[in-house]
Amino acid sequence: MTTSSTDQTRALDLEADAARYPDERGEILLEAAAAWERAGELDRARSVLTEVLALGGEDAGFARHGLAEICFDEGADADAWAQLRALEQAGPVAAGPAVLVAEMLERRGDYEAALGWFERALGPDTAALAAAVEQREAPSMSDMPLYGRQRCRAKLGLPADDLDRVADLAEQRRRDFFDLLDRAARSQPAATSGPTRVSMLVWHRDELSRAAWRWPAVFTKDNHAVLERELRRLAADHNLATVPLILGTADGLGEYLDRTGADVTEESTRLAYAEQVRARGGTITWPPGRNEPCWCGSARKYKKCCGGAGT
């Protein structure tokens, strides 16, 4: 069965599920629309997304983003911007759809518009945001809009402001957390020999964008759908219920390359870096629960994000 026919079958199954589970209709139809899009059935994807719009709520925001993305991909920019204006005019936009819109516009190089959407995702209470970052001891995916906002402001040549300094603090907290993991790992006795563990080096979306910017010959900006399919294949081939994911960071890889002088284009270099991160405890477990945050670092639930990818 081809990838296209597999996605078509999955889309049809999801549409049937949406009828059986009305309380989750919007979420399931969003997954179905994504499957239709992967199958190349853009008109069917648009039809399903339009149906989600009528349901309202956060799912409607995700549907607007999906419609805009299809329009941009087809070169219908005016229609895409019309979808985004409609999303703005519908009232307050939830953080999840706002982040996806911001990242889409950032990838297109429209940094001014992306900046506005990252700021929508952050919300108006910046004092509470700063306090939360100050008190937090571990990294949080809620920091992603902060980093995105900072990236866009840098691209626009804007001077650092208070929220940029909060982003710097969040980044320092992230580094401190991984330093703590490193010290904890070094304090433990070496693991005894045993069967080889199946694991994979992955990147949260913001980190992958950073890595692709620094090493474009090695990394692409968005390969999470491909990785999701590979993870499912890996789990099936090895009869695994879970797979450890090693979380790479652009800064961490850069520091490793500076220290070792290794060539990032060599697979052995990336494998050695992954082993270093794994030894320091920088891992998460795939798959997350369907209602838990997606492993890719997006602001969406797993079932709305990579969990909806075709196998």
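**Nonpolar cores and aromatic contacts**

In this predicted model, the charged end of Arg108 is placed over the ring of Phe72, at 3.7 Å from the ring centre. Phe72 has a relative accessibility of 8% and therefore counts as buried, since the limit for a buried residue is under 20%. The ring of Phe72 also pairs with that of Trp81: the two centres are 5.6 Å apart and the planes stand at 85°, so the arrangement is edge-to-face. Trp81 has a relative accessibility of 27% and for this reason counts as partly exposed.

Phe72 belongs, in addition, to the largest nonpolar core, which has 20 residues. Phe72 is listed there among the residues with the most contacts inside the core, together with Leu84, Val101, Met104, Leu105 and Trp117. Two or more residues of this core come from each of helix H4 (57-73), helix H5 (77-89), helix H6 (95-107) and helix H7 (111-122). A second core, separate from the largest one, has 19 residues, including Ala18, Leu29, Val48 and Ile70. In soluble globular proteins, nonpolar side chains tend to be buried together.

The surroundings of Met104 were examined with its neighbours within four places in sequence left aside. On this basis Met104 is in contact with His65, Ala68, Glu69, Phe72 and Leu84. Phe72 and Leu84 thus appear both in this list and among the residues with the most contacts inside the largest core.

Three aromatic pairs are present in the structure. A pair of aromatic rings is described by the distance of the centres and the angle of the planes. Besides the pair of Phe72 and Trp81, a pair is formed by Tyr256 and Tyr273, with 5.9 Å from centre to centre and 55° between the planes, and this pair is tilted. Tyr256 is part of helix H13 (residues 250-260) and Tyr273 is part of helix H14 (residues 267-279), so their pairing ties together parts 17 residues apart in sequence. Tyr256 and Tyr273 are both buried. Through ring pairs, Trp203 is linked with Tyr256 and Tyr273 into a cluster.

A charge also sits over a ring at Tyr147, where the charged end of Arg210 is 4.9 Å from the ring centre.

With regard to the backbone, the peptide bond from Trp286 to Pro287 is cis, and its omega is near -5°. Most peptide bonds are trans. Pro287 is located in the segment after strand S3 (283-286).

Definitions and conventions
Residues numbered from 1 in each chain as written. Predicted model: local features only at pLDDT ≥ 70, side-chain atom pairs only at ≥ 80, totals over all residues. Heavy atoms only, no water. Core = buried A, V, L, I, M, F, W, Y, C linked by side-chain atoms within 4.5 Å. Buried < 20%, exposed > 50% of the residue type's maximum accessible area, 1.4 Å probe, protein only. Helix = DSSP H or I, 4+ residues; strand = E, 2+ residues; numbered from the N terminus. Contact = heavy atoms within 4.5 Å. Phe/Tyr/Trp six-rings, centres within 6.5 Å; stacked < 30°, edge-to-face > 60°. Lys NZ or Arg CZ within 6 Å of the ring centre and 35° of its normal.
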